[in-house]
Amino acid sequence: MVVVVLGVLGLIIGTGGPVLMVVCASALVAVVLHGAARWITHLLRLPEWLSVMLMVLALAAAATALVRVFGPELTVQAGHLRTALVSQISTLHDRLNSGQFGHLILDHVPQSLGGNQTGGGSRAPGLDFAGSMTNVLTSTFGSVGTMVVIVIAGIYFALSPRLYANGILRLTPERHRPLVRSLLQTIAHTLSAWVAGQMLDMTVVGVLTWLGLWAIGMPLALPLGLIAGTANFIPYLGAFVGAIPALLIGLSVSTQEALMVLGLYGVIQAFEGYVMSPFIQKRAVSMPPALTILSQTIFGAFLGMWGFIFASPITAVLLAVATRLSAPLKEKDML
(Lines give C-alpha, C1' and ligand atoms only; values in the text may rest on other atoms or scores of the structure.)
Protein backbone atom coordinates (compact mmCIF):
# COMPACT_ATOMS: atom_id res chain seq x y z
CA MET A 1 0.00 0.00 0.00
CA VAL A 2 2.85 2.41 0.83
CA VAL A 3 4.56 1.64 -2.48
CA VAL A 4 1.30 2.17 -4.40
CA VAL A 5 0.60 5.47 -2.61
CA LEU A 6 4.14 6.73 -3.25
CA GLY A 7 3.88 5.67 -6.89
CA VAL A 8 0.57 7.49 -7.35
CA LEU A 9 1.96 10.62 -5.67
CA GLY A 10 5.02 10.50 -7.90
CA LEU A 11 2.82 10.14 -10.99
CA ILE A 12 0.63 13.07 -9.90
CA ILE A 13 3.64 15.29 -9.25
CA GLY A 14 5.34 14.24 -12.48
CA THR A 15 2.34 14.74 -14.77
CA GLY A 16 0.25 17.29 -12.91
CA GLY A 17 2.95 19.34 -11.17
CA PRO A 18 1.95 22.69 -12.76
CA VAL A 19 -1.68 22.10 -11.78
CA LEU A 20 -0.58 21.29 -8.22
CA MET A 21 1.39 24.55 -8.09
CA VAL A 22 -1.62 26.54 -9.31
CA VAL A 23 -3.78 24.96 -6.59
CA CYS A 24 -1.14 25.75 -3.95
CA ALA A 25 -0.80 29.36 -5.13
CA SER A 26 -4.59 29.77 -5.18
CA ALA A 27 -4.79 28.41 -1.62
CA LEU A 28 -2.20 30.95 -0.44
CA VAL A 29 -4.10 33.79 -2.14
CA ALA A 30 -7.29 32.56 -0.45
CA VAL A 31 -5.55 32.43 2.94
CA VAL A 32 -4.37 36.05 2.56
CA LEU A 33 -7.76 37.32 1.40
CA HIS A 34 -9.72 35.32 3.95
CA GLY A 35 -7.50 36.45 6.84
CA ALA A 36 -7.79 40.10 5.81
CA ALA A 37 -11.55 39.70 5.30
CA ARG A 38 -12.00 38.32 8.81
CA TRP A 39 -10.22 41.38 10.20
CA ILE A 40 -12.40 43.72 8.10
CA THR A 41 -15.54 41.81 9.13
CA HIS A 42 -14.62 42.12 12.80
CA LEU A 43 -13.85 45.82 12.42
CA LEU A 44 -16.74 46.99 10.19
CA ARG A 45 -19.35 44.29 10.95
CA LEU A 46 -19.72 43.44 7.25
CA PRO A 47 -20.56 40.09 5.64
CA GLU A 48 -17.48 38.00 4.97
CA TRP A 49 -17.99 37.90 1.19
CA LEU A 50 -18.28 41.68 1.06
CA SER A 51 -15.06 42.03 3.08
CA VAL A 52 -13.27 39.77 0.58
CA MET A 53 -14.46 41.89 -2.35
CA LEU A 54 -13.44 45.12 -0.57
CA MET A 55 -9.97 43.68 -0.02
CA VAL A 56 -9.67 42.69 -3.69
CA LEU A 57 -10.76 46.15 -4.83
CA ALA A 58 -8.31 47.83 -2.45
CA LEU A 59 -5.40 45.71 -3.74
CA ALA A 60 -6.35 46.39 -7.36
CA ALA A 61 -6.55 50.13 -6.70
CA ALA A 62 -3.16 50.13 -4.98
CA ALA A 63 -1.54 48.23 -7.87
CA THR A 64 -3.07 50.61 -10.42
CA ALA A 65 -1.86 53.65 -8.49
CA LEU A 66 1.69 52.28 -8.30
CA VAL A 67 1.78 51.66 -12.05
CA ARG A 68 0.43 55.14 -12.85
CA VAL A 69 2.80 56.93 -10.46
CA PHE A 70 6.02 54.99 -11.04
CA GLY A 71 5.49 53.64 -14.57
CA PRO A 72 7.07 56.60 -16.46
CA GLU A 73 10.05 56.76 -14.10
CA LEU A 74 10.57 53.00 -14.43
CA THR A 75 10.74 53.38 -18.20
CA VAL A 76 13.33 56.17 -17.93
CA GLN A 77 15.45 54.20 -15.44
CA ALA A 78 15.27 51.09 -17.66
CA GLY A 79 16.69 53.14 -20.54
CA HIS A 80 19.50 54.52 -18.35
CA LEU A 81 20.23 51.02 -17.06
CA ARG A 82 20.47 49.59 -20.58
CA THR A 83 22.87 52.37 -21.67
CA ALA A 84 25.05 51.92 -18.58
CA LEU A 85 25.20 48.13 -18.93
CA VAL A 86 26.12 48.31 -22.62
CA SER A 87 28.87 50.82 -21.84
CA GLN A 88 30.29 48.80 -18.94
CA ILE A 89 30.17 45.52 -20.85
CA SER A 90 32.02 47.16 -23.73
CA THR A 91 34.64 48.54 -21.36
CA LEU A 92 35.07 45.14 -19.69
CA HIS A 93 35.41 43.47 -23.12
CA ASP A 94 38.14 45.91 -24.16
CA ARG A 95 40.06 45.40 -20.91
CA LEU A 96 39.92 41.62 -21.20
CA ASN A 97 40.79 41.70 -24.89
CA SER A 98 43.90 43.79 -24.22
CA GLY A 99 45.46 41.08 -22.00
CA GLN A 100 46.70 37.67 -23.08
CA PHE A 101 44.72 35.72 -20.48
CA GLY A 102 41.56 37.76 -21.02
CA HIS A 103 41.86 37.37 -24.79
CA LEU A 104 42.14 33.60 -24.33
CA ILE A 105 38.92 33.60 -22.26
CA LEU A 106 37.03 35.67 -24.83
CA ASP A 107 38.13 33.32 -27.62
CA HIS A 108 36.07 30.57 -25.97
CA VAL A 109 32.97 32.74 -25.39
CA PRO A 110 30.37 33.05 -28.20
CA GLN A 111 29.89 36.44 -29.84
CA SER A 112 26.26 36.43 -28.70
CA LEU A 113 27.56 36.60 -25.12
CA GLY A 114 30.21 39.26 -25.83
CA GLY A 115 33.10 36.96 -26.72
CA ASN A 116 35.28 36.48 -29.79
CA GLN A 117 34.21 32.98 -30.76
CA THR A 118 32.71 32.81 -34.26
CA GLY A 119 30.47 30.21 -35.86
CA GLY A 120 28.13 28.01 -33.87
CA GLY A 121 25.20 28.29 -36.22
CA SER A 122 24.11 29.62 -39.59
CA ARG A 123 20.97 31.42 -38.55
CA ALA A 124 20.75 35.10 -39.31
CA PRO A 125 20.74 37.55 -36.37
CA GLY A 126 17.25 38.69 -37.32
CA LEU A 127 15.94 35.15 -37.03
CA ASP A 128 17.65 34.68 -33.67
CA PHE A 129 16.16 37.92 -32.43
CA ALA A 130 12.71 37.01 -33.70
CA GLY A 131 12.91 33.60 -32.06
CA SER A 132 14.02 35.13 -28.78
CA MET A 133 11.20 37.66 -28.83
CA THR A 134 8.69 34.91 -29.61
CA ASN A 135 9.90 32.89 -26.63
CA VAL A 136 9.75 35.94 -24.36
CA LEU A 137 6.23 36.87 -25.47
CA THR A 138 4.98 33.28 -25.14
CA SER A 139 6.46 32.96 -21.66
CA THR A 140 5.08 36.35 -20.61
CA PHE A 141 1.54 35.71 -21.79
CA GLY A 142 1.64 32.21 -20.30
CA SER A 143 2.70 33.59 -16.92
CA VAL A 144 0.07 36.34 -17.03
CA GLY A 145 -2.63 33.79 -17.83
CA THR A 146 -1.49 31.57 -14.98
CA MET A 147 -1.54 34.52 -12.57
CA VAL A 148 -5.08 35.42 -13.65
CA VAL A 149 -6.23 31.84 -12.99
CA ILE A 150 -4.51 31.85 -9.58
CA VAL A 151 -6.09 35.14 -8.52
CA ILE A 152 -9.60 34.19 -9.68
CA ALA A 153 -9.44 30.75 -8.05
CA GLY A 154 -8.04 32.29 -4.85
CA ILE A 155 -10.93 34.77 -4.71
CA TYR A 156 -13.50 31.99 -5.07
CA PHE A 157 -11.73 29.89 -2.41
CA ALA A 158 -11.72 32.89 -0.05
CA LEU A 159 -15.42 33.63 -0.64
CA SER A 160 -16.55 30.16 0.52
CA PRO A 161 -13.72 28.04 1.96
CA ARG A 162 -16.06 25.77 3.92
CA LEU A 163 -17.86 24.74 0.71
CA TYR A 164 -14.71 23.15 -0.72
CA ALA A 165 -13.60 21.65 2.61
CA ASN A 166 -17.02 20.05 3.10
CA GLY A 167 -16.85 18.73 -0.45
CA ILE A 168 -13.61 16.92 0.39
CA LEU A 169 -15.17 15.52 3.55
CA ARG A 170 -18.22 14.31 1.62
CA LEU A 171 -15.97 12.34 -0.75
CA THR A 172 -14.18 10.74 2.23
CA PRO A 173 -15.43 7.43 3.66
CA GLU A 174 -17.40 8.11 6.84
CA ARG A 175 -15.04 6.21 9.14
CA HIS A 176 -12.09 8.38 8.00
CA ARG A 177 -13.87 11.74 8.16
CA PRO A 178 -12.69 12.69 11.70
CA LEU A 179 -9.05 12.16 10.65
CA VAL A 180 -9.47 14.04 7.36
CA ARG A 181 -11.27 16.90 9.17
CA SER A 182 -8.39 17.11 11.62
CA LEU A 183 -5.84 17.11 8.77
CA LEU A 184 -7.72 19.86 6.94
CA GLN A 185 -7.75 21.97 10.08
CA THR A 186 -4.02 21.33 10.55
CA ILE A 187 -3.31 22.37 6.94
CA ALA A 188 -5.42 25.51 7.27
CA HIS A 189 -3.74 26.50 10.55
CA THR A 190 -0.25 25.83 9.14
CA LEU A 191 -0.86 27.84 5.98
CA SER A 192 -2.35 30.72 7.98
CA ALA A 193 0.59 30.79 10.39
CA TRP A 194 3.14 30.54 7.57
CA VAL A 195 1.48 33.29 5.53
CA ALA A 196 1.17 35.56 8.58
CA GLY A 197 4.84 35.09 9.40
CA GLN A 198 5.94 35.69 5.82
CA MET A 199 3.73 38.77 5.46
CA LEU A 200 5.27 40.29 8.57
CA ASP A 201 8.77 39.43 7.34
CA MET A 202 8.06 40.81 3.85
CA THR A 203 6.59 44.03 5.27
CA VAL A 204 9.59 44.71 7.52
CA VAL A 205 12.10 43.99 4.75
CA GLY A 206 10.16 46.09 2.23
CA VAL A 207 9.83 49.11 4.54
CA LEU A 208 13.48 48.98 5.65
CA THR A 209 14.64 48.68 2.04
CA TRP A 210 12.44 51.59 0.94
CA LEU A 211 13.67 53.87 3.75
CA GLY A 212 17.30 52.82 3.26
CA LEU A 213 17.25 53.42 -0.51
CA TRP A 214 15.51 56.75 0.01
CA ALA A 215 18.16 57.76 2.55
CA ILE A 216 21.05 57.09 0.15
CA GLY A 217 19.31 58.91 -2.70
CA MET A 218 18.43 55.95 -4.91
CA PRO A 219 15.74 56.50 -7.56
CA LEU A 220 12.60 54.34 -7.44
CA ALA A 221 13.07 53.62 -3.73
CA LEU A 222 9.42 52.66 -3.12
CA PRO A 223 8.99 50.15 -6.00
CA LEU A 224 12.41 48.64 -5.25
CA GLY A 225 11.33 48.23 -1.63
CA LEU A 226 8.15 46.49 -2.83
CA ILE A 227 10.24 44.17 -5.02
CA ALA A 228 12.57 43.34 -2.13
CA GLY A 229 9.68 42.65 0.22
CA THR A 230 7.81 40.54 -2.35
CA ALA A 231 10.93 38.52 -3.21
CA ASN A 232 11.36 37.74 0.48
CA PHE A 233 8.32 35.48 0.07
CA ILE A 234 10.95 32.90 -0.93
CA PRO A 235 12.98 32.30 2.26
CA TYR A 236 16.77 32.77 2.06
CA LEU A 237 17.20 32.70 -1.73
CA GLY A 238 14.58 35.39 -2.33
CA ALA A 239 16.89 37.97 -0.76
CA PHE A 240 19.34 37.63 -3.66
CA VAL A 241 16.54 37.86 -6.23
CA GLY A 242 15.17 41.02 -4.64
CA ALA A 243 18.57 42.72 -4.59
CA ILE A 244 19.29 42.32 -8.31
CA PRO A 245 17.06 45.17 -9.64
CA ALA A 246 18.39 47.65 -7.06
CA LEU A 247 21.99 46.68 -7.80
CA LEU A 248 21.46 47.10 -11.54
CA ILE A 249 19.83 50.51 -11.13
CA GLY A 250 22.55 51.55 -8.67
CA LEU A 251 25.13 50.44 -11.22
CA SER A 252 23.47 52.65 -13.83
CA VAL A 253 23.99 55.62 -11.49
CA SER A 254 27.57 54.93 -10.36
CA THR A 255 29.78 52.19 -8.96
CA GLN A 256 29.76 53.88 -5.55
CA GLU A 257 25.96 53.89 -5.53
CA ALA A 258 25.90 50.17 -6.34
CA LEU A 259 28.32 49.44 -3.45
CA MET A 260 26.12 51.44 -1.06
CA VAL A 261 23.08 49.47 -2.22
CA LEU A 262 24.96 46.20 -1.71
CA GLY A 263 25.94 47.21 1.83
CA LEU A 264 22.36 48.30 2.62
CA TYR A 265 20.88 45.00 1.47
CA GLY A 266 23.52 43.08 3.41
CA VAL A 267 22.62 44.91 6.65
CA ILE A 268 18.88 44.43 6.11
CA GLN A 269 19.22 40.72 5.37
CA ALA A 270 21.48 40.24 8.40
CA PHE A 271 18.82 41.90 10.57
CA GLU A 272 16.13 39.75 8.97
CA GLY A 273 18.08 36.53 9.36
CA TYR A 274 19.36 36.98 12.92
CA VAL A 275 16.59 39.08 14.52
CA MET A 276 13.31 38.90 12.57
CA SER A 277 13.30 35.23 11.50
CA PRO A 278 13.90 33.77 15.00
CA PHE A 279 11.20 36.08 16.40
CA ILE A 280 8.70 35.06 13.71
CA GLN A 281 9.49 31.34 13.86
CA LYS A 282 8.72 31.26 17.59
CA ARG A 283 5.16 32.35 16.83
CA ALA A 284 4.58 30.89 13.37
CA VAL A 285 5.97 27.87 11.49
CA SER A 286 9.54 26.87 12.24
CA MET A 287 11.53 24.99 9.59
CA PRO A 288 15.24 24.16 9.67
CA PRO A 289 17.19 26.30 7.15
CA ALA A 290 18.82 23.26 5.52
CA LEU A 291 15.42 21.63 4.98
CA THR A 292 14.03 24.84 3.48
CA ILE A 293 16.88 25.18 0.96
CA LEU A 294 16.79 21.47 0.07
CA SER A 295 13.03 21.60 -0.48
CA GLN A 296 13.46 24.60 -2.79
CA THR A 297 16.09 22.69 -4.76
CA ILE A 298 14.02 19.50 -5.01
CA PHE A 299 10.70 21.13 -5.87
CA GLY A 300 12.44 23.49 -8.28
CA ALA A 301 14.09 20.57 -10.08
CA PHE A 302 10.81 18.65 -10.49
CA LEU A 303 8.31 21.49 -10.92
CA GLY A 304 10.34 24.39 -12.28
CA MET A 305 10.09 27.98 -11.09
CA TRP A 306 6.65 27.54 -9.50
CA GLY A 307 7.96 24.64 -7.44
CA PHE A 308 10.90 26.76 -6.32
CA ILE A 309 8.60 29.60 -5.25
CA PHE A 310 6.07 27.49 -3.34
CA ALA A 311 8.47 24.91 -1.89
CA SER A 312 8.43 26.43 1.60
CA PRO A 313 4.65 26.45 2.25
CA ILE A 314 4.30 22.96 0.75
CA THR A 315 7.10 21.68 2.98
CA ALA A 316 5.55 23.37 6.02
CA VAL A 317 2.23 21.64 5.30
CA LEU A 318 3.90 18.25 4.77
CA LEU A 319 5.79 18.62 8.07
CA ALA A 320 2.58 19.55 9.91
CA VAL A 321 0.68 16.59 8.42
CA ALA A 322 3.55 14.21 9.20
CA THR A 323 3.68 15.50 12.78
CA ARG A 324 -0.09 15.04 13.12
CA LEU A 325 -0.01 11.47 11.80
CA SER A 326 3.12 10.26 13.63
CA ALA A 327 3.62 9.48 17.29
CA PRO A 328 5.83 11.81 19.35
CA LEU A 329 9.46 10.73 19.66
CA LYS A 330 10.28 9.45 23.12
CA GLU A 331 13.32 10.79 24.91
CA LYS A 332 15.02 7.39 25.03
CA ASP A 333 14.78 7.12 21.24
CA MET A 334 16.38 10.52 20.54
CA LEU A 335 19.94 10.86 19.31
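These legends go with close-up views of a predicted model.

**Figure 1. The whole chain, an all-helix affair with eleven helices and zero strands.** Reading from the N terminus, the elements simply go α-α-α-α-α-α-α-α-α-α-α. Of the 335 residues in the chain, 29% are buried. If you look at contacts between residues at least 6 apart in sequence, 63% of them join residues at least 24 apart.

**Figure 2. Helix α5 against helix α6.** Here residues 161-171 (α5) pack on residues 177-215 (α6), with the axes 9 Å apart and an angle of about 150 degrees. Angles over 145 degrees count as roughly antiparallel, so that is what α5 is relative to α6. The crossing of this pair is right-handed. On the α5 side you'll find A165, I168, L169 and R170, and they meet R177, V180, R181 and L184 of α6. Sorted by class, the residues of this contact come out as five nonpolar, three charged and no polar.

**Figure 3. Helix α6 against helix α11.** The partner of α6 in this view is α11, residues 311-325. Their axes lie 9 Å apart, and the packing angle is about 140 degrees. That makes the two helices oblique to each other. Handedness here is right-handed as well, going by how α6 passes α11. From α6, the residues taking part are L179, S182, L183, T186, I187, T190, L191 and W194. Facing them in α11 are S312, P313, A316, V317, A320, V321, R324 and L325. By class, the tally for this contact is eleven nonpolar, four polar and one charged.

**Figure 4. D201, a buried residue in helix α6.** D201 belongs to α6. Its relative accessibility is 2%, and since anything under 20% counts as buried, D201 qualifies. What does D201 touch once its neighbours within four places in sequence are left aside? The contacts are N232, E272, M276, S277 and I280.

**Figure 5. R45 in the loop between α1 and α2.** The two flanking helices are α1 (2-44) and α2 (48-98). R45 isn't a glycine, yet its phi is positive, at about 60 degrees. For context, most residues other than glycine have a negative phi. Is R45 buried or exposed? R45 is exposed, with a relative accessible area of 68%.

**Figure 6. S160 in the loop between α4 and α5.** The loop holding S160 follows α4 (125-159) and leads to α5. S160 is partly exposed, with a relative accessible area of 26%. Zoom in on W49 too: S160 and W49 are 111 residues apart in sequence, but their C-alpha atoms are 7.9 Å apart in space.

**Figure 7. Two of the spans that UniProt lists as "transmembrane region".** The record is an unreviewed entry, and it puts this feature at residues 6-37, 49-71, 136-159, 203-226, 233-253, 259-277 and 298-322. Two of these get a closer look here. In the model, residues 233-253 are 76% helix and 0% strand, with the end C-alpha atoms 28 Å apart. Residues 259-277 are 100% helix and 0% strand, and their end C-alpha atoms lie 26 Å apart.

Note on methods
Residues are numbered from 1 along each chain as its sequence is written. This is a predicted model: local features need pLDDT of at least 70, side-chain atom pairs count only at pLDDT 80 or more; totals for chains, interfaces and linings use all residues. Side-chain values use heavy atoms; hydrogens and water are left out. Axes are lines fitted to C-alpha atoms, for helices over the stretch in contact, and angles run from 0 to 180 degrees between N-to-C directions. Helices (H or I, at least four residues) and strands (E, at least two) are DSSP runs, numbered from the N terminus. Angles under 35 degrees count as roughly parallel, over 145 as roughly antiparallel, 65 to 115 as roughly perpendicular and the rest as oblique. A crossing is left-handed if the near helix is turned anticlockwise from the far one by less than a right angle, and right-handed if clockwise. Contact means heavy atoms within 4.5 Å. Ala, Val, Leu, Ile, Met, Phe, Trp, Tyr, Cys and Pro count as nonpolar, Asp, Glu, Lys and Arg as charged, and the others, Gly among them, as polar. Buried means under 20% relative accessible area, exposed over 50%, partly exposed in between (1.4 Å probe, protein chains only). UniProt positions are given in the numbering used here, feature names are shortened, and annotations may be inferred rather than shown by experiment.
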